[in-house]
Protein chains: 2
Amino acid sequence: MTEPNYDVVAIGNAIVDVIAQTDHDFIEREQMTAGSMRLIDADFAKGLYDRMGPGREISGGSAANTVAGMAAMGARCAFVGQVAADQLGEVFTHDLRAAGVDFDIPARVGEPPTGRVLILVTPDGQRTMNTFLGASHYLPVAALDDGLIAAGAILYLEGYMWDPEEPRAAMRSAILTARQAGRRVAFTLSAVFVIDRYRTDFQALIDDGLIDILFANEEEIMALTEAADYEAAVAAVQDKVPLLVVTRSEKGAIAIHNGERVSVPAEPVEKVVDTTGAGDLFAAGFLTGQAQGRSVEDCLRMGAIAAAEVISHYGARPEADLKALVASKLG
Amino acid sequence: MTEPNYDVVAIGNAIVDVIAQTDHDFIEREQMTAGSMRLIDADFAKGLYDRMGPGREISGGSAANTVAGMAAMGARCAFVGQVAADQLGEVFTHDLRAAGVDFDIPARVGEPPTGRVLILVTPDGQRTMNTFLGASHYLPVAALDDGLIAAGAILYLEGYMWDPEEPRAAMRSAILTARQAGRRVAFTLSAVFVIDRYRTDFQALIDDGLIDILFANEEEIMALTEAADYEAAVAAVQDKVPLLVVTRSEKGAIAIHNGERVSVPAEPVEKVVDTTGAGDLFAAGFLTGQAQGRSVEDCLRMGAIAAAEVISHYGARPEADLKALVASKLG
């Protein structure tokens, strides 16, 4: 077996975030569920964009945020996702490459345009996401190079990608390729609405032993297991994956590795500006720790440090020097 | 003479800022002059974009930033500028309208694309701007509606627009229309390189009594007059314009109104993150004060408050509630 060239190869939505400040009245008037994510179509996206306030465009996408964060901490990463041949596609491509991530999937010509998430951030820092997947939907199985998948020590997948049909097939195929190459597979459950639609699929992946590292937050692990409480949910999953990581917002995070539980508190944050990307950057820190062969506790702490940085400003890509930040706090 | 419908009608570049963090080494390697602005063509913009770090896209344009800031403080404003019919043009249009500014110039179909400024921000908060004007160059005289110009109590023009030929003609025509309608004309000198090219034009506008409010920073007023020092420069201009406003960064700002000088200190800023838009938002505060019939000292203070807000975060559009901020500090 050859040595992998990448610490992580990730497959995810290729999306630009459009982030606007708002107030709770707007969230209510638009009948959004604060803190949630929903899928919207092109027409709805246009109407909502007209109604929302001035924005800032910052590249996003859950798994893309994770590998951008990992690269900032010195990890070697590649990304697989689909943009359209348009200006937002150029922005996404530039930002990911400039972050140090290899990204070579050709832009798709024609409609739909590059995907975007209209993100409304309330004064408490909570984000509500309205996702128009656009070209991201159309990632073809053919875009997945077996050599690339096999070149990553870990294959990282976002649950969000399970929704559209073509990417779902691409992800199934990538999981098998990674397993055959002896690589680990990491999976993030992404959001409750995705779990509600694909619970059976996700449970099957886990039951079949195809997931080595599972990332979830409290709500997601409960949605997956349909358990009555968080502890019951953890108990239902912990023996089925070698490494289970559950983030708990301001309560910190836990990991259960071969039956042993490790907890860390949340990193203190002066002011929570925008929680977009908190989970993505937690995964970035954790997986970078894994790539560096660190202890599970250190991996958790790196996750907490990276998550704390990203919620202290707008956007889901790091602004501070994460490598220096980790070194200053962890050595 | 009818009452004006707008406090300010502004003509300026319609541009999206692409803001990336960088270090002084990069500025030196790229042979940029730190803190300056230069014009670049499409090819150069592409190459520089490839070399620079991950960015965030935030609508910009000097006069557009000013009217966006004014609208945030409750002023009624309209903007005239040229975007292309592309995604960045949609972003610019959305952000300005969502800020509460009337903007109805149709997007221009075909090449070049919407203009953008590649802005490199060093850790000290200083910005270095590389401007690809794109469609902004092509604002036609025909886009200027005499009725709109006459509908603004103040016509506000940015010196940047003097560079391309079509907008220059449009601005000359707008000045005459505004004067005939009995409106005031405000002008910002924008940048030393513009003054170096069009000194004779700008001096003629001032000597002919066509400028009622002139905005400049220390370097610009010295470049305009070619005076040996700042005081000599101020002395050379102050009797030629009814209202001269000179911003002096951390030294505050002065205004000279009919021979009388008023000074204010700079507003304290916890951390200067990105100085992009400091002058634009100073003008926004000052002109909003003028629209509200406030004293020159209050107008200067409003300028200082708005400028301090905009340099405390990335981007040249306000993030805080400027109206509330002014009310809390000034009443």
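Here's a quick briefing on the fold of chain A, the contact between chains A and B, and a few spots in chain B. Keep in mind that this is a predicted model. Chain A comes to 12 helices and 14 strands, and 56% of its 331 residues count as buried. Chain B gets the closer look below, with a nine-stranded open sheet, a helix pair and two buried residues, Val80(B) and Leu88(B).

**Chain A overall**

- The radius of gyration of chain A is 18 Å, which agrees with the value near 20 Å that a compact globule of 331 residues would have.
- Along its principal axes, the C-alpha trace of chain A spans about 50 × 40 × 40 Å.
- Take the contacts in chain A with a separation of 6 or more: 76% of them are accounted for by residues 24 or more positions apart.

**Where the chains meet**

- Chain A puts 21 residues into the contact, and chain B puts in 21 residues.
- On the side of chain A that touches chain B, the elements giving two or more residues are β4 (55–59) and α4 (87–98) of chain A.
- The largest share of that side comes from α4(A), with six residues.
- By class, the side of chain A that touches chain B has eight nonpolar, seven polar and six charged residues.

**Leu88(B), with a contact across the chains**

- Leu88(B) sits in helix α4 (residues 87–98) of chain B.
- Why does Leu88(B) count as buried? There are 26 other C-beta atoms within 10 Å of Leu88(B), and the cut-off for buried is 20 or more.
- Leaving out residues up to four places away in sequence, Leu88(B) touches Gln87(A) from the other chain, plus Val16(B), Pro113(B), Thr114(B) and Arg116(B).
- Leu88(B) and Leu244(B) are 156 residues apart in sequence, and their C-alpha atoms are 35 Å apart in space.

**The sheet of chain B**

- Nine strands of chain B make an open sheet with mixed pairing, in the order β6-β5-β1-β9-β10-β11-β12-β13-β14.
- The edges are β6 (102–103) and β14 (260–264) of chain B, each of which pairs on one side only.
- At the β14(B) end, β13 (residues 253–257) of chain B runs antiparallel to β14(B), and five bridges join the two.
- Within that pair, His257(B) stands opposite Glu260(B) of β14(B).
- Helix α3 (residues 62–72) of chain B lies across β1 (6–11), β5 (77–80), β9 (152–158) and β10 (184–188) of chain B, and runs at about 160° to β1(B).

**Val80(B), on strand β5**

- Strand β5 of chain B holds Val80(B).
- Val80(B) is buried because it has 28 other C-beta atoms within 10 Å.
- Not counting residues up to four places away in sequence, Val80(B) touches Val9(B), Ala10(B), Ile11(B), Ile105(B), Ala143(B) and Leu144(B).
- From Val80(B) to Leu144(B) is 64 residues in sequence, yet 7.5 Å in space, C-alpha to C-alpha.

**The α10/α11 pair in chain B**

- The axes of α10 (residues 278–291) and α11 (residues 296–310) of chain B come within 7 Å, crossing at roughly 145°.
- That crossing of α10(B) and α11(B) is right-handed.
- On the α10(B) side, the residues that meet α11(B) include Leu281(B), Phe282(B) and Phe286(B); on the α11(B) side, Leu300(B), Met302(B) and Ile305(B) are among them.
- The contact of α10(B) with α11(B) divides into 14 nonpolar, five polar and two charged residues.

Conventions: Residues numbered from 1 in each chain as written. Chains lettered and ligands numbered in written order. Predicted model: local features only at pLDDT ≥ 70, side-chain atom pairs only at ≥ 80, totals over all residues. Contact = placed C-beta atoms within 7 Å. Helix = DSSP H or I, 4+ residues; strand = E, 2+ residues; numbered from the N terminus. Nonpolar A, V, L, I, M, F, W, Y, C, P; charged D, E, K, R; others polar. Axes fitted to C-alpha atoms, helices over the stretch in contact; angles between N-to-C directions. Left-handed = near helix turned anticlockwise from the far one by under 90°. Pairing = 2+ DSSP bridges. Buried ≥ 20, exposed ≤ 12 C-beta atoms within 10 Å, placed from the backbone. Rg over C-alpha atoms; globule rule 2.2 N^0.38 Å.
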